[in-house]
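User: I would like to go through this model by question and answer. Please keep each answer short and end it on what was asked for.

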Amino acid sequence: MMRWGLILAVVISAGVGLWTVLVLSGGGEAGLLRPADAAVVAQGQSLYAANCAACHGEGLNGQPDWRSPGPDGLMPAPPHDESGHTWHHDDETLFRLTKLGPAAVVGGDYESAMPAYEDMLSDEEIVAVLSYIKSTWPEEIRTRHDSLNAARRKSK
């Protein structure tokens, strides 16, 4: 009986490891995000409302004057709709920015008001939030974003 428990643990660990590799490599033809998956998008919308909307806006419209530093010297939260720059980053970069926080990804002495979400949201929840965001973009922007993902995969 103990042996079956060990085998099950190994199988689960392998599955989690494979999923993590797929997440970090942008696995799949369309990339990591799943904007056409209604269940994932619904979960992401709920998580976005609870964790992101306070800064990035309920309508994904960001904070005013988001391209200029605020009085505290930090950049305001950008919009995540088509008017912002979110879609200029491939899936892997968006995932890392959300999980680790912009300061960790950008490096140097970059400071940001955005926290790292690695202790607040699971990898699957981060993917759901980003999938929701992408689901709101016009088809032209989604296609351009898919091209970024394809270019990143080719460069690896």
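The questions below go from the overall fold to one helix, the largest pocket and two loop residues.

User: How many helices and strands does the protein have, and in what order do the elements run?
Analyst: The model is a predicted one. Its secondary structure holds 0 strands and 7 helices. From the N terminus on, the order is therefore written with one symbol per element: α-α-α-α-α-α-α.

User: What percentage of the residues counts as buried?
Analyst: A residue is taken as buried when its relative accessible area is under 20%. The protein has 156 residues, and the share that meets this cut-off is 35%.

User: What share of the contacts with a separation of 6 or more is between residues 24 or more positions apart?
Analyst: The count takes in contacts in the protein at a separation of 6 or more. Of these, residues 24 or more positions apart account for 57%.

User: How far apart are the end C-alpha atoms of helix H7, and what span should its residues give?
Analyst: Helix H7 covers residues 139-155, which is 17 residues. At 1.5 Å a residue, the helix should span 24 Å. The distance between its end C-alpha atoms agrees with this, at 24 Å.

User: Within what arc do the buried residues of H7 fall?
Analyst: The buried residues in H7 are Ile141, Arg142, His145 and Asn149. Seen down the helix axis they line one face, because they fall within an arc of 100°.

User: Which exposed residues does the opposite face of H7 carry, and which helices are included in what covers its buried residues?
Analyst: Turned away from the buried side of H7 is a face with the exposed residues Glu139, Glu140, Lys154 and Ser155. The cover over the buried residues of H7 includes helix H4 (91-100) and helix H6 (123-135).

User: Which residues are closest to the centre of the largest pocket?
Analyst: The largest pocket holds about 760 Å³ of space. Its lining is made of 32 residues, and those closest to the centre are His56, Pro78, Pro102, Ser112 and Met114.

User: Which elements give two or more residues to the lining of the largest pocket?
Analyst: The elements in question are all helices. They are H2 (38-51), H3 (53-56), H4, H5 (102-106) and H6.

User: Is Leu60 buried or exposed, and what is its relative accessible area?
Analyst: Leu60 is found in the loop between H3 and H4. Its phi is positive, about 60°, although Leu60 is not a glycine. Leu60 is buried, with a relative accessible area of 4%.

User: Is Asp65 buried or exposed, and what is its relative accessible area?
Analyst: Asp65 lies in the loop between H3 and H4. Its phi is positive, near 50°, in a residue other than glycine. Asp65 is exposed, with a relative accessible area of 56%.

Technical notes
Residues numbered from 1 in each chain as written. Predicted model: local features only at pLDDT ≥ 70, side-chain atom pairs only at ≥ 80, totals over all residues. Heavy atoms only, no water. Helix = DSSP H or I, 4+ residues; strand = E, 2+ residues; numbered from the N terminus. Buried < 20%, exposed > 50% of the residue type's maximum accessible area, 1.4 Å probe, protein only. Contact = heavy atoms within 4.5 Å. Expected span 1.5 Å × (residues − 1). Arc of directions from axis to C-beta. 1 Å grid on protein atoms, 1.4 Å probe; cavity = no way out; pocket = protein on both sides within 12 Å on 5 of 7 lines; lining within 4 Å. Points joined across faces, edges and corners; volume = space filled by probe spheres on them.
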